[in-house]
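Here are a few notes to read alongside the model, written as one colleague to another. Please keep the 3D view open as you go through the points.

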Amino acid sequence: MRTLPGLPDELLFVQDGAVATITLNRPEKLNTMTPAMGKAIIQLVTYINNEESIRVVILTGTGSRAFSAGSDVKVLDDYGSNWQLRNRIDYARELWKIRKPVIAKIRGYCIGGGLEMALMSDIRYATPDSRFAAGEIKLGWHGGAGNTQLLPRVMSPGRALEMLLTGDMVSAEEARDWGLVDRIFDDADIDAKVADLAARIAGNAPIASELAKHLVRVAMSTAVDVGLQYENDTFAYCFTTEDSDEGRAAFTEKRKPNFKGR
(Lines give C-alpha, C1' and ligand atoms only; values in the text may rest on other atoms or scores of the structure.)
Protein backbone atom coordinates (compact mmCIF):
# COMPACT_ATOMS: atom_id res chain seq x y z
CA MET A 1 0.00 0.00 0.00
CA ARG A 2 1.57 3.28 -1.12
CA THR A 3 0.52 6.89 -0.64
CA LEU A 4 1.93 10.06 -2.18
CA PRO A 5 3.25 12.82 0.14
CA GLY A 6 2.58 16.49 -0.32
CA LEU A 7 -1.07 16.30 -1.36
CA PRO A 8 -3.73 18.48 0.29
CA ASP A 9 -6.06 16.74 2.72
CA GLU A 10 -8.90 17.26 0.24
CA LEU A 11 -7.34 14.83 -2.22
CA LEU A 12 -6.40 11.28 -1.24
CA PHE A 13 -4.21 8.91 -3.21
CA VAL A 14 -3.50 5.26 -2.45
CA GLN A 15 -1.78 2.64 -4.58
CA ASP A 16 -2.53 -0.99 -3.79
CA GLY A 17 -0.54 -3.23 -6.08
CA ALA A 18 -1.28 -2.25 -9.68
CA VAL A 19 -4.41 -0.25 -8.78
CA ALA A 20 -4.28 3.43 -7.79
CA THR A 21 -7.27 5.20 -6.23
CA ILE A 22 -7.84 8.96 -6.31
CA THR A 23 -10.47 10.10 -3.80
CA LEU A 24 -11.98 13.58 -3.76
CA ASN A 25 -12.16 14.29 -0.04
CA ARG A 26 -14.44 17.24 0.74
CA PRO A 27 -17.61 15.39 1.73
CA GLU A 28 -18.99 18.34 3.70
CA LYS A 29 -18.82 20.37 0.44
CA LEU A 30 -20.08 17.58 -1.85
CA ASN A 31 -16.47 16.91 -2.88
CA THR A 32 -16.33 20.15 -4.83
CA MET A 33 -13.00 21.11 -6.33
CA THR A 34 -10.72 24.02 -5.45
CA PRO A 35 -7.74 25.46 -7.38
CA ALA A 36 -5.41 23.76 -4.88
CA MET A 37 -7.02 20.40 -5.56
CA GLY A 38 -6.69 21.04 -9.29
CA LYS A 39 -2.96 21.68 -8.93
CA ALA A 40 -2.62 18.45 -6.94
CA ILE A 41 -4.37 16.56 -9.76
CA ILE A 42 -1.56 17.67 -12.07
CA GLN A 43 0.98 16.12 -9.70
CA LEU A 44 -1.01 12.90 -9.53
CA VAL A 45 -1.47 12.56 -13.29
CA THR A 46 2.26 13.01 -13.87
CA TYR A 47 3.06 10.44 -11.21
CA ILE A 48 0.53 7.91 -12.49
CA ASN A 49 1.72 8.14 -16.09
CA ASN A 50 5.36 7.72 -15.07
CA GLU A 51 4.82 4.94 -12.51
CA GLU A 52 4.98 1.67 -14.44
CA SER A 53 3.60 -0.37 -11.55
CA ILE A 54 0.23 1.41 -11.87
CA ARG A 55 -2.01 -0.23 -14.44
CA VAL A 56 -5.51 0.97 -13.49
CA VAL A 57 -6.90 4.06 -11.75
CA ILE A 58 -10.12 4.34 -9.74
CA LEU A 59 -11.60 7.82 -9.33
CA THR A 60 -14.16 8.34 -6.57
CA GLY A 61 -15.38 10.67 -3.83
CA THR A 62 -15.62 10.38 -0.06
CA GLY A 63 -19.04 9.54 1.35
CA SER A 64 -22.33 8.67 -0.28
CA ARG A 65 -23.73 12.17 -0.89
CA ALA A 66 -21.57 13.03 -3.89
CA PHE A 67 -18.96 11.84 -6.33
CA SER A 68 -18.38 15.54 -6.95
CA ALA A 69 -20.50 18.63 -7.49
CA GLY A 70 -17.72 20.14 -9.60
CA SER A 71 -16.00 23.42 -8.88
CA ASP A 72 -16.73 25.14 -5.60
CA VAL A 73 -18.66 28.18 -6.87
CA LYS A 74 -17.61 30.16 -3.78
CA VAL A 75 -13.95 30.02 -4.82
CA LEU A 76 -14.33 30.52 -8.58
CA ASP A 77 -12.93 34.05 -8.20
CA ASP A 78 -9.70 32.48 -6.98
CA TYR A 79 -8.98 31.50 -10.59
CA GLY A 80 -8.38 35.19 -11.35
CA SER A 81 -9.49 37.27 -14.33
CA ASN A 82 -11.57 35.91 -17.21
CA TRP A 83 -8.38 35.47 -19.21
CA GLN A 84 -6.70 33.60 -16.38
CA LEU A 85 -9.83 31.46 -16.04
CA ARG A 86 -9.64 30.66 -19.76
CA ASN A 87 -5.98 29.67 -19.47
CA ARG A 88 -6.36 27.74 -16.22
CA ILE A 89 -5.06 24.20 -15.89
CA ASP A 90 -8.38 22.42 -15.47
CA TYR A 91 -8.69 19.42 -13.18
CA ALA A 92 -11.04 17.53 -15.50
CA ARG A 93 -8.90 17.96 -18.58
CA GLU A 94 -5.86 16.89 -16.58
CA LEU A 95 -7.60 13.59 -15.85
CA TRP A 96 -8.06 13.14 -19.60
CA LYS A 97 -4.27 12.92 -19.86
CA ILE A 98 -4.06 9.73 -17.78
CA ARG A 99 -2.85 7.01 -20.12
CA LYS A 100 -3.91 4.12 -17.88
CA PRO A 101 -7.56 2.93 -17.84
CA VAL A 102 -9.67 4.98 -15.41
CA ILE A 103 -12.81 3.72 -13.65
CA ALA A 104 -15.18 6.26 -12.10
CA LYS A 105 -16.97 4.90 -9.00
CA ILE A 106 -19.95 7.18 -8.52
CA ARG A 107 -22.18 7.65 -5.50
CA GLY A 108 -24.63 10.53 -5.11
CA TYR A 109 -24.35 13.79 -7.04
CA CYS A 110 -22.19 13.88 -10.15
CA ILE A 111 -22.79 17.35 -11.54
CA GLY A 112 -21.01 20.16 -13.35
CA GLY A 113 -17.27 19.63 -13.18
CA GLY A 114 -17.94 16.36 -11.36
CA LEU A 115 -19.77 15.12 -14.45
CA GLU A 116 -16.83 16.27 -16.56
CA MET A 117 -14.43 14.28 -14.38
CA ALA A 118 -16.64 11.22 -14.78
CA LEU A 119 -16.71 11.77 -18.55
CA MET A 120 -12.91 11.93 -18.58
CA SER A 121 -12.94 8.42 -17.11
CA ASP A 122 -13.15 5.37 -19.33
CA ILE A 123 -15.72 3.27 -17.48
CA ARG A 124 -18.43 4.59 -15.17
CA TYR A 125 -20.08 2.50 -12.43
CA ALA A 126 -22.75 4.10 -10.25
CA THR A 127 -25.18 3.38 -7.42
CA PRO A 128 -28.98 3.68 -7.76
CA ASP A 129 -29.03 6.96 -5.83
CA SER A 130 -26.52 8.66 -8.14
CA ARG A 131 -27.73 11.81 -9.86
CA PHE A 132 -26.22 13.50 -12.90
CA ALA A 133 -26.50 17.03 -14.26
CA ALA A 134 -24.73 19.57 -16.41
CA GLY A 135 -26.06 22.25 -14.13
CA GLU A 136 -23.84 25.15 -15.18
CA ILE A 137 -26.53 26.60 -17.47
CA LYS A 138 -28.64 27.45 -14.42
CA LEU A 139 -25.82 29.65 -13.11
CA GLY A 140 -25.23 31.51 -16.36
CA TRP A 141 -22.57 29.53 -18.17
CA HIS A 142 -21.98 26.14 -19.79
CA GLY A 143 -19.41 23.52 -18.93
CA GLY A 144 -15.82 24.52 -19.60
CA ALA A 145 -13.97 21.19 -19.51
CA GLY A 146 -15.84 18.58 -21.47
CA ASN A 147 -19.59 18.49 -20.93
CA THR A 148 -20.50 19.97 -24.33
CA GLN A 149 -17.90 17.84 -26.13
CA LEU A 150 -18.11 14.49 -24.40
CA LEU A 151 -21.81 14.14 -23.59
CA PRO A 152 -22.74 13.97 -27.32
CA ARG A 153 -20.12 11.26 -27.74
CA VAL A 154 -21.60 8.95 -25.10
CA MET A 155 -25.29 9.59 -25.84
CA SER A 156 -27.40 11.07 -28.60
CA PRO A 157 -26.94 14.79 -29.33
CA GLY A 158 -30.57 15.33 -28.37
CA ARG A 159 -30.14 13.71 -24.96
CA ALA A 160 -26.92 15.67 -24.48
CA LEU A 161 -28.65 18.93 -25.30
CA GLU A 162 -31.52 18.06 -22.98
CA MET A 163 -29.00 17.87 -20.15
CA LEU A 164 -26.96 20.87 -21.29
CA LEU A 165 -29.88 23.22 -21.95
CA THR A 166 -31.99 22.41 -18.90
CA GLY A 167 -29.36 21.63 -16.28
CA ASP A 168 -31.88 19.20 -14.81
CA MET A 169 -30.97 16.12 -12.79
CA VAL A 170 -30.89 12.72 -14.48
CA SER A 171 -31.39 9.55 -12.45
CA ALA A 172 -28.93 6.68 -12.44
CA GLU A 173 -31.35 4.56 -14.44
CA GLU A 174 -31.80 7.27 -17.08
CA ALA A 175 -28.05 7.81 -17.22
CA ARG A 176 -27.51 4.10 -17.84
CA ASP A 177 -30.24 3.97 -20.49
CA TRP A 178 -28.73 6.99 -22.24
CA GLY A 179 -25.18 5.54 -22.21
CA LEU A 180 -23.70 7.89 -19.63
CA VAL A 181 -23.34 5.16 -17.00
CA ASP A 182 -22.13 1.68 -17.87
CA ARG A 183 -23.45 -0.28 -14.87
CA ILE A 184 -25.45 0.30 -11.68
CA PHE A 185 -24.75 -1.59 -8.47
CA ASP A 186 -26.22 -1.37 -4.98
CA ASP A 187 -24.22 0.74 -2.57
CA ALA A 188 -23.16 -2.37 -0.64
CA ASP A 189 -21.80 -4.00 -3.81
CA ILE A 190 -20.17 -1.26 -5.86
CA ASP A 191 -16.81 -1.26 -4.03
CA ALA A 192 -16.32 -4.97 -4.68
CA LYS A 193 -17.53 -4.70 -8.28
CA VAL A 194 -15.14 -1.86 -9.08
CA ALA A 195 -12.25 -3.63 -7.33
CA ASP A 196 -12.96 -6.79 -9.31
CA LEU A 197 -13.05 -4.88 -12.60
CA ALA A 198 -9.82 -3.07 -11.77
CA ALA A 199 -8.10 -6.35 -10.88
CA ARG A 200 -9.19 -7.99 -14.13
CA ILE A 201 -7.93 -5.07 -16.18
CA ALA A 202 -4.67 -4.90 -14.20
CA GLY A 203 -4.04 -8.57 -14.94
CA ASN A 204 -3.86 -7.95 -18.67
CA ALA A 205 -0.93 -6.66 -20.71
CA PRO A 206 -0.53 -2.96 -19.77
CA ILE A 207 0.92 -1.83 -23.09
CA ALA A 208 -2.01 -3.35 -24.97
CA SER A 209 -4.46 -1.87 -22.44
CA GLU A 210 -3.07 1.64 -22.83
CA LEU A 211 -3.11 1.32 -26.60
CA ALA A 212 -6.70 0.04 -26.56
CA LYS A 213 -7.75 3.09 -24.52
CA HIS A 214 -5.87 5.35 -26.92
CA LEU A 215 -7.49 3.72 -29.95
CA VAL A 216 -11.00 4.19 -28.56
CA ARG A 217 -10.23 7.89 -28.25
CA VAL A 218 -8.93 7.90 -31.82
CA ALA A 219 -12.21 6.30 -32.88
CA MET A 220 -14.10 9.19 -31.25
CA SER A 221 -12.26 11.83 -33.24
CA THR A 222 -11.17 10.53 -36.62
CA ALA A 223 -12.39 8.84 -39.79
CA VAL A 224 -12.99 5.08 -39.68
CA ASP A 225 -10.43 4.31 -42.41
CA VAL A 226 -7.72 6.21 -40.51
CA GLY A 227 -8.67 4.51 -37.25
CA LEU A 228 -8.65 1.05 -38.78
CA GLN A 229 -5.17 1.56 -40.19
CA TYR A 230 -3.92 2.99 -36.92
CA GLU A 231 -5.40 0.04 -35.05
CA ASN A 232 -3.61 -2.39 -37.36
CA ASP A 233 -0.31 -0.56 -36.83
CA THR A 234 -0.54 -0.71 -33.03
CA PHE A 235 -1.76 -4.32 -33.25
CA ALA A 236 1.46 -5.16 -35.11
CA TYR A 237 3.46 -3.16 -32.56
CA CYS A 238 2.03 -5.29 -29.74
CA PHE A 239 3.70 -8.32 -31.33
CA THR A 240 7.10 -6.70 -30.79
CA THR A 241 6.61 -6.72 -26.99
CA GLU A 242 7.74 -9.30 -24.47
CA ASP A 243 4.17 -9.39 -23.19
CA SER A 244 2.95 -10.84 -26.48
CA ASP A 245 5.57 -13.58 -26.21
CA GLU A 246 4.46 -14.27 -22.65
CA GLY A 247 0.82 -14.36 -23.69
CA ARG A 248 1.44 -16.95 -26.39
CA ALA A 249 3.65 -19.03 -24.08
CA ALA A 250 1.05 -18.97 -21.32
CA PHE A 251 -1.67 -20.03 -23.76
CA THR A 252 0.44 -22.97 -24.97
CA GLU A 253 1.39 -23.99 -21.44
CA LYS A 254 -2.21 -23.55 -20.18
CA ARG A 255 -1.28 -21.13 -17.39
CA LYS A 256 -2.05 -17.57 -16.39
CA PRO A 257 0.29 -15.07 -18.11
CA ASN A 258 2.58 -12.83 -16.08
CA PHE A 259 2.71 -9.59 -18.02
CA LYS A 260 5.56 -7.19 -17.28
CA GLY A 261 4.66 -4.19 -19.41
CA ARG A 262 7.65 -4.71 -21.67
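1. Let's start with Val216. This is a predicted model, and in it Val216 has a relative accessibility of 51%, so the residue counts as exposed, the cut-off for that label being over 50%. Val216 belongs to helix α9, which covers residues 206–219.

2. Which residues join Val216 in a nonpolar patch on the surface? The partners are Trp96 and Met220, and together the three residues offer about 250 Å² of accessible area. If you colour the surface by residue type, look for Trp96, Val216 and Met220 as one patch.

3. Next comes helix α8, residues 187–202. Do its ends sit where a helix of this length should put them? Its 16 residues, at 1.5 Å a residue, should span 22 Å, and the C-alpha atoms at its two ends lie 23 Å apart, which agrees.

4. Helix α8 has two sides worth telling apart. Ile190, Val194, Leu197, Ala198, Ile201 and Ala202 are its buried residues. Viewed down the helix axis, these buried residues fall within an arc of 130 degrees, so they line one face of α8. On the face turned away from that buried side you will find the exposed residues Ala188 and Ala192.

5. What covers the buried residues of α8? The cover includes the strands β3 (19–24), β4 (56–61), β6 (102–106) and β8 (123–126). Helix α9 also contributes to this cover, and α9 is the helix in which Val216 is found.

6. Ile190 makes a good close-up of the buried side of α8. With a relative accessibility of 0%, Ile190 counts as buried. Leaving aside residues up to four places away in sequence, Ile190 touches Lys105, Ile106, Arg107, Tyr125, Ala126, Thr127 and Phe185. Thr127 is 63 residues from Ile190 along the chain, yet their C-alpha atoms are separated by 7.0 Å.

7. Finally, take a look at Leu44 in helix α1, residues 35–50. Is Leu44 buried or exposed? Its relative accessibility is 0%, so Leu44 counts as buried. Residues up to four places away in sequence aside, Leu44 touches Leu4, Leu7, Leu11, Phe13 and Ile22. As for distance across the model, Leu44 and Asp196 are 152 residues apart in sequence, and their C-alpha atoms are 23 Å apart in space.

Technical notes:
Residues are numbered from 1 along each chain as its sequence is written. This is a predicted model: local features need pLDDT of at least 70, side-chain atom pairs count only at pLDDT 80 or more; totals for chains, interfaces and linings use all residues. Side-chain values use heavy atoms; hydrogens and water are left out. Patches are made of residues with over 30% relative accessible area and no salt bridge: like charges are joined within 9 Å, nonpolar side chains (Val, Leu, Ile, Met, Phe, Trp, Tyr) within 5 Å. Accessible areas come from the Shrake-Rupley method with a 1.4 Å probe; for residues, only the protein chains shown count as cover. A salt bridge is a side-chain nitrogen of Lys or Arg within 4 Å of a carboxyl oxygen of Asp or Glu. Helices (H or I, at least four residues) and strands (E, at least two) are DSSP runs, numbered from the N terminus. Buried means under 20% relative accessible area, exposed over 50%, partly exposed in between (1.4 Å probe, protein chains only). The expected span of a helix is 1.5 Å times one less than its number of residues. The arc is that of the directions from the helix axis to the C-beta atoms. Contact means heavy atoms within 4.5 Å.
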